[in-house]
There are 2 protein chains.
Amino acid sequence: MSTKELNIAIAGLGTVGVGVVKILQTQAELIENRTSSKVNIVAVSARSQKDRGVNLDGIKWYDNAVDIAEDENVDTVVELIGGDSGTAYDLCINSIKNGKNFVTANKALVAKHGKEIASLAEENDVYVAYEAAVAGGIPIIKALKEGLAGNKISKISGILNGTCNYMLTAMKETGRDFAQILKEAQELGYAEADPSFDVGGIDAAHKLAILTSLAFGVQVEFDKVFIEGIENIALTDVKYAEDLGYKIKLLGLCSISEDGRVNQRVCPCMISSKYPVANVDGVDNAVYVEGDAVGKIVLQGPGAGQGPTASAVVADIADIAAGRFSPVFNVNVDKLAKADFISMNEYEGRYYIRIRVEDKPGVLAAVSDVLLYEGISVDSILQKSVSIGDNPDIVVVTHKTFEKSITKAVEKIEKQDSVIEKPYVIRIEG
Amino acid sequence: MSTKELNIAIAGLGTVGVGVVKILQTQAELIENRTSSKVNIVAVSARSQKDRGVNLDGIKWYDNAVDIAEDENVDTVVELIGGDSGTAYDLCINSIKNGKNFVTANKALVAKHGKEIASLAEENDVYVAYEAAVAGGIPIIKALKEGLAGNKISKISGILNGTCNYMLTAMKETGRDFAQILKEAQELGYAEADPSFDVGGIDAAHKLAILTSLAFGVQVEFDKVFIEGIENIALTDVKYAEDLGYKIKLLGLCSISEDGRVNQRVCPCMISSKYPVANVDGVDNAVYVEGDAVGKIVLQGPGAGQGPTASAVVADIADIAAGRFSPVFNVNVDKLAKADFISMNEYEGRYYIRIRVEDKPGVLAAVSDVLLYEGISVDSILQKSVSIGDNPDIVVVTHKTFEKSITKAVEKIEKQDSVIEKPYVIRIEG
């Protein structure tokens, strides 16, 4: 085969952008051998021209990234700016309209504007790829689109946010509380100054919305993800979970029922040590997939960081260089169904409820009465406390029951005189 | 995009062949949507025309699979016969020479004739794919070739044989010995009537040779794999391993040194619970990969069986249907270096040695003297026995030392009067 050439522009020279430049420069020969194509960086854009430790000589500089969309010398635009509006969005839309392939690590952009982007890509016959948007260096998008192409996927469960996984692991291992661990994570660079996107579950939800679309052939709908973060997990919950034989993980879960209804949710879950991603600790991500032919597989690896994210971006660039194409969301847009979502009200599962109470006679009985009235079948109910002198907690573990029953029960229990704070509920996943 | 058509022939209608037919028939619409191509089964071949529970009406039948290579109606031949010579080999070579794409699950064929097959594929401009040949349903070939395209891979460590992993897990969990567990595995269908390919490490070595080539850009050389099976692992070793904080797993390992020298070996290894694939039990396979950009990733899933293997075969068919191409061994044949292999004599690592001895004074000292003489630094040396009345074992754990020193020491120790049987050595991997 003769060697082709691919001219790319990189918009955004932060950690990931610089990582991509480094790989393309140091592994140029390797990538050329693997793709039979020479990848040339012909343009870059960033906010300032400071030294970033990479050689950008001879590469065209753009102060305004959106102008790259007009550069006739560029075949493929690599967007590493971030954000779901403004520059990133404008660059995406204009690049595709001008017939350029588009590679991005931007989960918010893909999760919120996926359908528009995919439609435009088809109209303009270009390739849009976003492996780095989900689970960093783990090639999960490629696995879902290509490696499992013959499978009807029924479920995905993933640890999709490294910050949360680091924090929950650290709470368990060090016995320090959420606020202390968050501060430490920020100092180590594992958490942003504003951690709300991570700890609030938004980041994981962006990724989950993309996985849901790829897995089930439905339009990506970020707004339909049920989201609950880890902000309210107390150290006592981590300890009680351990007593019960569980770990707490923030999971992104999607599943499809026999009759084609889709549930997608991000929430803290209690999982047993047998659960497929139970041993994935620290900043690692992991994605568990159930397919009708393949059965159960797990892909695990670093979910963030310069090297892993850049590795995924370069994999997309290599696909384009080698001419390997797949539809943006696995099937063409006209085949992407509008999903019929199952709301959390209809959700059925097992629950952990922690209720902080005053240490008075009859409290346990009063709580039990409410659960009985709401038809909730209880697996275990215990009154316990972490330290002597603390107010005790009533810890309930239920059998399978409806979320709406739990919601009603919690409302009633909260109003009881002896109940000190709003009961905290964690779903038990498996 | 308009829908194309791909006409395939399936040679071999055993478990996997029937699995492929089932997926292609039941998921026809899904695959067409994902590949924008209609996959037609136009020919099949098998030894007998018995009922296999799939509808083969209207599909051309061949008694002799090799004749498929001459069928002008066939674009892509799917070989699921097995064996590295005879029909499978002839069908492969003739199909490629006649310009047909070739998909196979045949690890022996690819491991032994890889270079010839890849050269022919390039000459004839066809696509050869073999995802199912390594680790069943896990898309590890695709991950190495495409998902990690920007990475220089430095190491792979895999549980590549489900039979061995099942047996080692069962020995540990049930406390029953090799012979008992093998019999049980055969009854459950997890082990063949002639188990030597599996328990002898040959099957894992076929797979490892393929991974080595893909990872390091070298010619596949099955003959250069150091192979040791699990036949000599005694229940006592499993127990002593547990005492030492290790599990025993049959690993396929390949690594490349700073100066480009390659080691590839299949052997039982002791690994700690922190080792990446330590928690992979039962019939599951898992592959751990270290790349310079991505860091450490693990892919885990079922390594055999109808569904998983057929899933991988169909993924290859889908790639061809969608026109997604990559070189047979990741780079073109003229770029595949001839590897400089590190022999096991040059190998350096930590070792477990079990020496069954008569219970006499001075035995421990005599063994220690030999180790000292060979310059082997000892981490721990203990005399112990599993049951009262048994001959005791001297159990040695070494610090890092050369394999050649261990070999010499074992030869000398074996000759000592008080030593009852040949000492058994297991490498400690991590």
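Which domains does the domain assignment give for chain A? In this predicted model, the answer is domain 1 (4-133), domain 2 (140-301) and domain 3 (344-428).

**View 1. Domain 1 of chain A meets domain 2 of chain A.** Here we're looking at the spot where ten residues of domain 1 of chain A touch ten residues of domain 2 of chain A. On the domain 1 side of that contact, the mix is five nonpolar, one polar and four charged residues. Step back a bit, and the C-alpha centres of these two domains of chain A turn out to be 28 Å apart.

**View 2. Helix α12 of chain B packs against helix α13 of chain B.** Over in chain B, the pair to look at is α12 (residues 363-373) and α13 (residues 403-415), whose axes come within 9 Å and cross at roughly 150°. An angle over 145 degrees counts as roughly antiparallel, so that is how α12(B) runs relative to α13(B). As for handedness, the crossing of α12(B) and α13(B) is right-handed. From α12(B), the contact takes in B:V367, B:V370 and B:L371, while α13(B) brings B:A409, B:K412 and B:I413. Sorted by class, this helix-helix contact has five nonpolar residues, one charged and no polar.

**View 3. Chain A laid on chain B.** A turn of 180° with a shift of 0.0 Å along the axis puts chain A on chain B, and the RMSD comes out at 0.0 Å. The two copies are therefore related as by a two-fold rotation axis. Both copies also use the same surface, as 100% of the contact residues of chain A recur in chain B.

Methods
Residues are numbered from 1 along each chain as its sequence is written. Chains are lettered from A and ligands numbered from 1 in the order in which they are written. This is a predicted model: local features need pLDDT of at least 70, side-chain atom pairs count only at pLDDT 80 or more; totals for chains, interfaces and linings use all residues. Domain bounds come from an automatic or database domain assignment. Two residues are in contact if their C-beta atoms, placed from the backbone, lie within 7 Å. Ala, Val, Leu, Ile, Met, Phe, Trp, Tyr, Cys and Pro count as nonpolar, Asp, Glu, Lys and Arg as charged, and the others, Gly among them, as polar. Axes are lines fitted to C-alpha atoms, for helices over the stretch in contact, and angles run from 0 to 180 degrees between N-to-C directions. Helices (H or I, at least four residues) and strands (E, at least two) are DSSP runs, numbered from the N terminus. Angles under 35 degrees count as roughly parallel, over 145 as roughly antiparallel, 65 to 115 as roughly perpendicular and the rest as oblique. A crossing is left-handed if the near helix is turned anticlockwise from the far one by less than a right angle, and right-handed if clockwise. Copies are superposed by least squares on the C-alpha atoms of residues with pLDDT of at least 70 in both.
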